[in-house]
Amino acid sequence: MTRRESRQTAFQIIFSQSINDTDVETAIESVEEFDLSKPDEFCDALVRTTIKHISEIDGMLIPNLKGWDITRISKVSLAILRISCAQLYFSDEIDPELKSQEKIIINEAVLISKAFSNDEDYIFINGVLGRLVRSEQQEV
């Protein structure tokens, strides 16, 4: 699996878990059945990191939603935002000194949104993640 495919699969698992209100293992199994592929190590780590830190992630997202309530965001967009935040702030793979990683993660979120969401949702996702990254950089 490429990193993009792993992120897409992680998105599908997080989305499935939120829609079906199931545990992570069941969500992973359902995506494996539907997709006929087993998530790789990167995907599995991203899903588990997202679930483990979901409250913290939502707490980071809320101030950056600009007039939106987190309950009004589509489940697709919310799943994309959550996996992106998990990768940006809670992944062991991220080197805080490398700024290009942030751009790559945001770009991947935009591409996933373009593939799985409404036509304009990628603009919202790009804006929220951009504000989040800038606000986190100002706090440092």
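Is K66 buried or exposed? Hold that thought for a moment, everyone, while I set the scene.

What we have here is a predicted model, in which local features need a pLDDT of at least 70 and side-chain atom pairs count only at pLDDT 80 or more, while totals for chains, interfaces and linings use all residues. Residues are numbered from 1 along each chain as its sequence is written, and side-chain values use heavy atoms, with hydrogens and water left out.

Back to K66. At 60% relative accessibility, K66 counts as exposed. The cut-offs, with a 1.4 Å probe and protein chains only, are these: buried is under 20% relative accessible area, exposed is over 50%, and partly exposed is in between. K66 sits in the loop between helix 4 (54-61) and helix 5. When I say helix, I mean a DSSP run of H or I with at least four residues, numbered from the N terminus. The backbone at K66 is worth a look too: its phi is near 50°, a positive value in a residue other than glycine.

There is another residue of this kind. D21 is not a glycine, yet it has a positive phi of about 50°. You will find D21 just after helix 1, in the loop between helix 1 and helix 2 (24-35). With a relative accessibility of 69%, D21 counts as exposed.

While we are in the loops, please find I62. I62 lies in the loop between helix 4 and helix 5 and is partly exposed, with a relative accessible area of 47%. I62 and V128 are 66 residues apart in sequence, but their C-alpha atoms are 9.4 Å apart in space.

Now for the helices. Helix 1 covers residues 3-20, and its 18 residues should span 26 Å at 1.5 Å a residue; the end C-alpha atoms are 25 Å apart, which agrees. The expected span here is 1.5 Å times one less than the number of residues. Which residues of helix 1 are buried? They are S6, R7, T9, A10, F11, Q12, I13, I14, S16 and Q17.

Helix 5 has 15 residues, and from first C-alpha to last it reaches 21 Å, close to the 21 Å expected. Of those 15 residues, 13 are buried, so helix 5 is largely enclosed by the rest of the structure. One residue to click on in helix 5 is S77. S77 is buried, with a relative accessible area of 2%, and its side chain makes a polar contact of 3.4 Å with the side chain of D121. A polar contact is a pair of N or O atoms within 3.5 Å; within protein, one must be able to donate a hydrogen and the other to accept it, and residues adjacent in sequence count only if both atoms are side-chain atoms.

Next, the empty space inside. Rolling a probe the size of a water molecule over the atoms shows where empty space is left. A cavity, on a 1 Å grid over the protein atoms alone, is a set of points where a 1.4 Å probe fits but cannot get out, and lining residues have an atom within 4 Å of a point. Grid points are joined across faces, edges and corners, and the volume is the space filled by probe spheres set on the points. How many cavities of 30 Å³ or more are there? The count comes to 2.

The largest cavity has a volume of about 50 Å³. Its lining is made up of R7, L46, I83, S84, Q87, I105, E108, A109 and I112. Helix 5 (75-89) and helix 6 (100-116) each supply at least two of these residues, and the largest share, 4 residues, comes from helix 6. By class, the lining has 5 nonpolar, 2 polar and 2 charged residues. For those classes, Ala, Val, Leu, Ile, Met, Phe, Trp, Tyr, Cys and Pro count as nonpolar, Asp, Glu, Lys and Arg as charged, and the others, Gly among them, as polar.

The second largest cavity has a volume of about 30 Å³, and it is lined by I14, S18, K75, L78, A79 and R82. Here the largest share, 4 residues, belongs to helix 5. The classes are 3 nonpolar, 1 polar and 2 charged.

Last, the cysteines. The structure holds 0 disulfides, a disulfide being a pair of cysteine sulfur atoms within 2.5 Å. C43 is in no disulfide, and the nearest cysteine sulfur, that of C85, is 17 Å away. C43 counts as buried at 0% relative accessibility, and C85 is buried with a relative accessible area of 0%.

Thanks for listening!

Terms used:
Helices (H or I, at least four residues) and strands (E, at least two) are DSSP runs, numbered from the N terminus. On a 1 Å grid over the protein atoms alone, a cavity is a set of points where a 1.4 Å probe fits but cannot get out, and a pocket is an open set with protein on both sides within 12 Å along at least five of seven lines; lining residues have an atom within 4 Å of a point.
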